[in-house]
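The following questions and answers examine how one model is put together. Please consult the sequence and the structure while reading.

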Amino acid sequence: MTDLTIGYAGKYGTTAELAARLEHEVRALAEQNVDRPRTLETRCVPVQELTAEHLGATRMVVLGGAVYAGRLPRALRRFCERNREALLAREVGLFISCLYQDERAREQLSKAYPQWLVTHAASLANLGGRIELAKLKFVDRVVMTRFAKTENDLDRIDEHRLASFAGEIFAHLSRE
Ligand SMILES: Cc1cc2nc3c(=O)[nH]c(=O)nc-3n(C[C@H](O)[C@H](O)[C@H](O)COP(=O)(O)O)c2cc1C
């Protein structure tokens, strides 16, 4: 049985990086635990690679997606709908990667994932986001520069929330 499975979806690498860092931090918390140090079995993969068998054999699932024009990537939305029963049958954590902050980010977080999953989730987090204009495909760069008026690269990764979210996930895993 896998302890933690993380499935992520994003176009430009920030969400993948956040997912990998989350996995690393949760594993470190388990290894450094004073009462009962242990090595967790974890998996961190793009959501397209997650199968029903993976879900069936994991204690906790964390899903993470980047927000583009208010929505999560299609692969992640489809994954949620196709695996509704399995997700409702286990503990779930959800995160988004986005540039909005505070109230607008909270609103995006609660609207991006389906309502049944938001209600079911044990932990939800906005981990912030990053834009490197030179990396973007032409259309996305036009969206960001002309419509969102983003003139420079932005790094709004929320280190503090990443650490506290890892703590929350570890706390859920520590409950027998
Ligand atoms: C085309 C496009 C649309 C975006 N739309 C939003 C948005 O609606 N709200 C938001 O907060 N961030 C938005 N962002 C910012 C991304 O959510 C953020 O940069 C995220 O970290 C990207 O993750 P990735 O590197 O995994 O693709 C947008 C970025 C792009 C490129």
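Helices (H or I, at least four residues) and strands (E, at least two) are DSSP runs, numbered from the N terminus. The model is predicted, so local features require pLDDT of at least 70 and side-chain atom pairs pLDDT 80 or more, whereas totals for chains, interfaces and linings use all residues. Residues are numbered from 1 along each chain as its sequence is written, and side-chain values use heavy atoms, without hydrogens and water.

Q: Which helix contains Leu18, and is this residue buried or exposed?
A: Leu18 belongs to helix H1, which spans residues 14-31. Its relative accessible area is 0%, and the limits are under 20% for buried and over 50% for exposed, with partly exposed in between (1.4 Å probe, protein chains only). Leu18 of H1 is therefore buried.

Q: What distance separates the C-alpha atoms of Leu18 and Phe95?
A: Along the chain, Leu18 and Phe95 are 77 residues apart. Leu18 is in helix H1, whereas Phe95 is in strand S4 (residues 91-97). The separation of their C-alpha atoms is 9.5 Å.

Q: How are the planes of Phe95 and Phe165 arranged in their aromatic pair?
A: Searching the whole structure yields one aromatic pair (ring centres of Phe, Tyr or the six-membered ring of Trp within 6.5 Å; planes under 30 degrees apart are stacked, over 60 edge-to-face, the rest tilted). Phe95 and Phe165 form this pair, with 6.3 Å from centre to centre and 75° between the planes. Because that angle is over 60 degrees, the arrangement is edge-to-face.

Q: Which elements does the pair of Phe95 and Phe165 tie together?
A: At 0% relative accessibility, Phe95 is buried, and Phe165, also at 0%, is buried. The two residues lie in parts of the chain that are 70 residues apart in sequence, so their pair ties these parts together. The elements are strand S4 and helix H8 (residues 159-174).

Q: How many bridges join S1 to S2?
A: Strands pair if DSSP finds at least two bridges between them. S1 and strand S2 (residues 42-46) run parallel, and Tyr8 stands opposite Pro46 in S2. The number of bridges joining S1 to S2 is five.

Q: Which residue of S3 is the bridge partner of Leu4?
A: Strand S1 (residues 2-9) pairs with S3 in the parallel sense over seven bridges. Ala9 stands opposite Gly65 in S3. For Leu4, the partner in S3 is Met60.

Q: Which residue of S4 stands opposite Val61?
A: S3 (residues 58-66) is mostly covered, with eight of its nine residues buried. S3 and S4 pair in the parallel sense, over seven bridges. Opposite Val61 stands Val92.

Q: How many residues of S1 are buried?
A: S1 is largely enclosed by the rest of the structure, because its buried residues number eight of eight.
The count of buried residues in S1 is eight.

Q: What part of the ligand's exposed area does the protein bury?
A: Of the 21 residues around the ligand (a heavy atom within 4 Å), Thr14, Thr15, Val67, Tyr68 and Arg130 come nearest. Taking N or O pairs within 3.5 Å as polar contacts, a side-chain N or O atom of Tyr68 is 2.4 Å from a ligand oxygen. Backbone N or O atoms of Ala69 and Arg130 lie 2.8 Å from a ligand nitrogen and 2.7 Å from a ligand oxygen, respectively. Taken alone, the ligand exposes 650 Å² (Shrake-Rupley, 1.4 Å probe), and the part buried by the protein is 94%.

Key. Polar contact = N/O pair within 3.5 Å; in protein donor to acceptor, adjacent residues only side chain to side chain.
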